[in-house]
Every structure is written in structure tokens, then in C-alpha cells.
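Trainee: I should like to examine this structure with you, beginning with how its helices pack and then turning to its rings and its interior.

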Amino acid sequence: MSVRVRFAPSPTGALHIGGARTALFNWLFARHMKGKFILRIEDTDRTRSTIDAVRTILHGMEWLGLDWDEGPQVDGPFGPYFQTERLELYRQYAEQLTKEDKAYYCFCSPETLAEKRKQAEARKEAPRYDASCRKLSSAEIIRNQSAASPMVIRFKMPAGARTEVADLIRGKVEFDNDLLDDFIIIKSDGFPTYNFAAVVDDHLMEITHVIRGDDHLSNTPRQIVLYQALGWLLPCFAHIPMILGPDKARLSKRHGAASVVEYRDLGYLPEAVLNYIAKLGWGHKDQEIFSRAELIELFRLEGVGKTPAVFDVEKLKWLNGHYIRSALPERIVDLCEPLLIEAYGDHDVEHISRVVKLFLDRLKLIPEIVPLTAYFFKDDFEFEEKAVTKYLKAPQAPQILSALRDHLAKVEPFKKEEIEKVFKALAEELKVKLGVVIHPCRAAVSGRTETPPMYDVLEVLGREKVLVRLSKALGTRPA
RNA sequence: GGCCCCAUCGUCUAGGGGUUAGGACAUCAGCUUUUCAAGCUGACGACCGGGGUUCGAAUCCCCGUGGGGCUACCA
């Protein structure tokens, strides 16, 4: 039997890092096993679900390249893939359970429930539903129903038994049913609750492996008793560890970027994010860098750890730098171009391309290109304090700058190889180290103490700008 | 409160009875050089605590402690 897994987000917000990682593990498992990856939207919370959130989740998946075989925009034989379009199914199975006396109507108001819960807590008891509606006679039920009292359907938790979860990552985990109460399966608005809808859909969609966050482990016994009550076979369960913020609390918006797509805007490459989140809780030997194909080939559930992982932006940045360096330069140019145009106005694309390529080695994040390159795009760039005091005001600076200006005015062609000869000849003539002639030049043309290699910078800047800047540093007009 | 999960450098992790406890990010230093990066080399740096089991525990068991989750008409 072929593997079928699903990612089932609830559209109450964007696709965040934790969700993306769950989606990725499911996707990798499906691709590795040559099975199917299903995307199902769990939108049964009518007050919090939005179609906007559905859109951003889909965008996040697409940006990471996690394609689904069945789901929104794709469809498939087990649809629909939005839970709100499957209401009839849930209603039908809830009714079956009611008829078989495995579930019952409950008319307790939320207020009564809240009150009882409060009292239980005051008595330091577990705040469980007291099952008072379990004993309602059919006459009472009919009376309540015709009185149109709000009602829910609760599952009759089988007492006196233990439920065992055979988890692929954690092994056997046991729960005592008596500690679980008669939870609601159909809400008063007619919508199913998570535990019920997930079970019905996972069964109907023939899901073989449920790979999801650790936060669902405690929900699993509730789902298992539901499978048993409905007479269905269990899927395999695999609960993956959570992702934490630096304070060890569950990762959330207050730890920074909430949405995966925000990382794109911050200047991350999707392959860097993918590689990073894959390594959060999973690994293969000492390997750090994984291509998409390697991930698919090497991923297996046995490689997933049990320990929650703290999200480390520094390591993500390092990976991003790595992927920027190994990407096709033109691709990085394309990513930088709009930012540079926004900051410095229109410029020749060829010029932009040459500039960006000088900085490939020192970029960790795409937007860093902007502050790094001001002197290539405008003439009124800032001068660093140190560039002025240490290099431009050095005693021998005027002599060096003016000699450079004279030679660079004549050098032909104005290419780095020829420019290099000028510098070397001058250093030799003055009997000084190369750096002594380069430093003041760097300060004069860029206002900085650090730039890409000098000859490249000069070539890209062009003779005209270079001569003007050298003259300006000398306090004179171009010769 | 009850139940459940988890516990190796600051962070991600390898290691599942005998290891100099390995790798990566970060940090620091050196090399290279024309500055900054990149790259290379090196340094620093960890088995949560206590009891067992054992000739021998990071590793197995128990108890603490700490963190996280569930306990909703949220998923």
C-alpha cells in the first residue's frame, strides 16, 4: 500500500516556521516513499479562519517548493479538501455514533460549564465535564431539541481502559481513559471539533501516516478512541518535536518573523530556509548542506530526534550566505536590483550587475547589498571617520593620490589588470608596500576602509568617477 | 492541580555500557591578502542533580529539578 500523508493547517494566520517544518517533513516523507502528499485546510473555526490566511499559507508552501498532490487548486479523488465543505460527512458519522450510543447530545450552556470548571479548579480537581447530559432521557432530549436549546454532541469516553499510542518517534505512550472527559465532537454551530474532523478526514482520505507537532501527542488518545468507536484502522503516528524561541518558549511572532514568506522579504533564499528547517529536529551524519534532492533521498523518520529545538537565526544566516555564494550570480543580481533601484534610483542594469557581483562573498542577506554599495550609485556618499583621519590625512596621501590620478588618467584600457600594474609600479617607485598606496585610494573613491578588491572597484566605478574622486580628495579640480 | 513528552558545548546535534565525548553555527586567534568578507587552520566550550544496576554509565532504571504540551463549543 502506498503512503499517504497530509499537512493540515488551520487558516488562522500565515504559514509559520513550525508549520513549514511539519509540512516539509510530511512532504519529504511522501517524496521519499513515492507516496502522496495531501494538503487539507482545517477551517472549522469560523471565527478565526480567513481566506486570506489560506492564500498566504499556499504562497508559503509554493515559495518553499512544497507541492501537494491533492488539495486546494489541485483537487483529487478524496476531496473536498476544505473541512467546511465536508460538514455533511462529519454530521453523518456523529449521527452514527449517537445512534450506537457512543455519543450523546449535551445541552449544557457554556456559562454552566465555565462555572463548573471554576469550582473544580477551586477544589483542586481536574476540570473535567461531569457528563450530566449523559443521563438525559430521550423525552428530555426531544423536549430540549424542540425548545431549540443550543446543543452539542459529546463523545462517550469508554471508562476503565488505557489507550496506547504507538508513536514512530517516541515509542509507546500510554494514557488512562478515565482522565479524559466526554469531549465535544460537534459544536453548537454544527461544525466539528478538531479531534473529530481530523479523524474522519484522515480515515476517509486514507492517510497512512500522521506526522505532526508534538503538541498533538496528548490529543492522540482522544482520536484513537474515536477510530475504535467508528471501527476504523489506525494510521501510524509520528510526533515531531516543537520549535522553540531563544527563551525556550514555543516559537511565535514575538520571536521575530512569524511567516515563512517574511523570510523572503528579509532576504533569505528558499533553499536556505528549507535546509535550515530540515535540520531542525532531523539530521544525517555530520552533513550540514542538503540539496532538495538529497533531502528527499536521505530523509527518514528514524532520523528525527525527540528534543525540541531552539530556532537559531545566526545559523540560518550562515546557510543563507552559503546559498548566496553558490547560487547563479545572475539570480542574486535579479534579487538585488529592485532594492538598489528603490534606494538609488534608476541605473544601468549592466552596472548594477557588475556591482552586485563584487559583493557576492560578503552578503548574508540580500538587502545588505544596499548600504554596502552607496558609493557606486551616488557621488555624495558618506566618508567614514577612520577613512579620513587614517588614510586621507596621512602625510604621504597627497603625493600618492596625485601620482595615481596622473597614471590612472592615462592607463589604457581601464581594466583591473592594467590598473594593477599602475599600483604595483607606483609602490615600487616609492619603495612602499602595496597597501600604502591602496588605502588612501580606497578612502578617496569610496569613503570607506573596507571594500571589495581595489582594482575591481576602480574598474567598475570607471575612469571618470575615479579621477573626479581622487581630485576631490586632493582638494583640486581634475587635471 | 492532573496527565503526557523532553533533557550532551551559548545554539543545532553525533554518540544507545569501555570514545582524548565527534561535527556545525556563534565567539576568539592564526594563515592568506590590499581593507572587509570568503576560504583554510587552530582555540575556547557540554553529558541538569541525586540515587541505584554494573568490574565500568553521557548511555540502562528510579526519584528529583527544569522546560514544553494537553487538560476549550482553538486547531
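Mentor: Let us begin with a definition: angles under 35 degrees count as roughly parallel, over 145 as roughly antiparallel, 65 to 115 as roughly perpendicular and the rest as oblique. The model is predicted, so local features need pLDDT of at least 70 and side-chain atom pairs count only at pLDDT 80 or more, while totals for chains, interfaces and linings use all residues. Residues are numbered from 1 along each chain as its sequence is written, chains are lettered from A and ligands numbered from 1 in the order in which they are written, and side-chain values use heavy atoms, with hydrogens and water left out.

Trainee: How are α19 and α21 oriented to each other?

Mentor: Helices (H or I, at least four residues) and strands (E, at least two) are DSSP runs, numbered from the N terminus. Axes are lines fitted to C-alpha atoms, for helices over the stretch in contact, and angles run from 0 to 180 degrees between N-to-C directions. The axes of α19 (residues 434–446) and α21 (residues 463–474) come within 8 Å and cross at roughly 105 degrees. The two helices, α19 and α21, are therefore roughly perpendicular.

Trainee: Which residues in α21 are met by Cys441, Ala444 and Val445 in α19?

Mentor: Contact means heavy atoms within 4.5 Å. By that criterion, Cys441, Ala444 and Val445 in α19 meet four partners in α21, namely Val466, Arg469, Leu470 and Ala473.

Trainee: How many residues of helix α20 (residues 454–461) are buried?

Mentor: Buried means under 20% relative accessible area, exposed over 50%, and partly exposed in between (1.4 Å probe, protein chains only). The cover over the buried residues of α20 includes α13 (349–359), α15 (374–377), α17 (397–410), α18 (416–430), α19 and α21. Helix α20 is largely enclosed by the rest of the structure, because the buried count is 8 of the 8 residues.

Trainee: Which residue with a positive phi follows α20?

Mentor: The phi in question is near 95 degrees, and the residue that follows α20 is Gly462.

Trainee: What kind of aromatic pair do Trp282 and Phe299 form?

Mentor: Rings of Phe, Tyr and Trp (its six-membered ring) pair if their centres lie within 6.5 Å; planes under 30 degrees apart count as stacked, over 60 as edge-to-face and the rest as tilted. The count by this rule is 14 aromatic pairs. For Trp282 and Phe299, the centres are 5.8 Å apart and the planes meet at 35 degrees, and the pair is tilted.

Trainee: How many residues apart are Trp282 and Phe299?

Mentor: Trp282 is buried at 4% relative accessible area, and Phe299 is buried at 1%. Trp282 lies in the loop between α9 (270–278) and α10 (292–298), whereas Phe299 lies in the loop between α10 and β11 (309–310); this pair links distant parts of the chain, 17 residues apart.

Trainee: Which residues touch the most other members of the largest nonpolar core?

Mentor: A nonpolar core is a set of buried Ala, Val, Leu, Ile, Met, Phe, Trp, Tyr and Cys residues joined through side-chain atoms within 4.5 Å. The largest has 103 residues, and those touching the most other members are Met61, Ile332, Phe376, Leu408 and Phe423.

Trainee: Which helix gives the most to this core?

Mentor: Apart from this core lies another, of 34 residues, among them Tyr90 and Phe196. In the largest core, 9 residues come from the helix spanning residues 17–32, which gives the most: α1.
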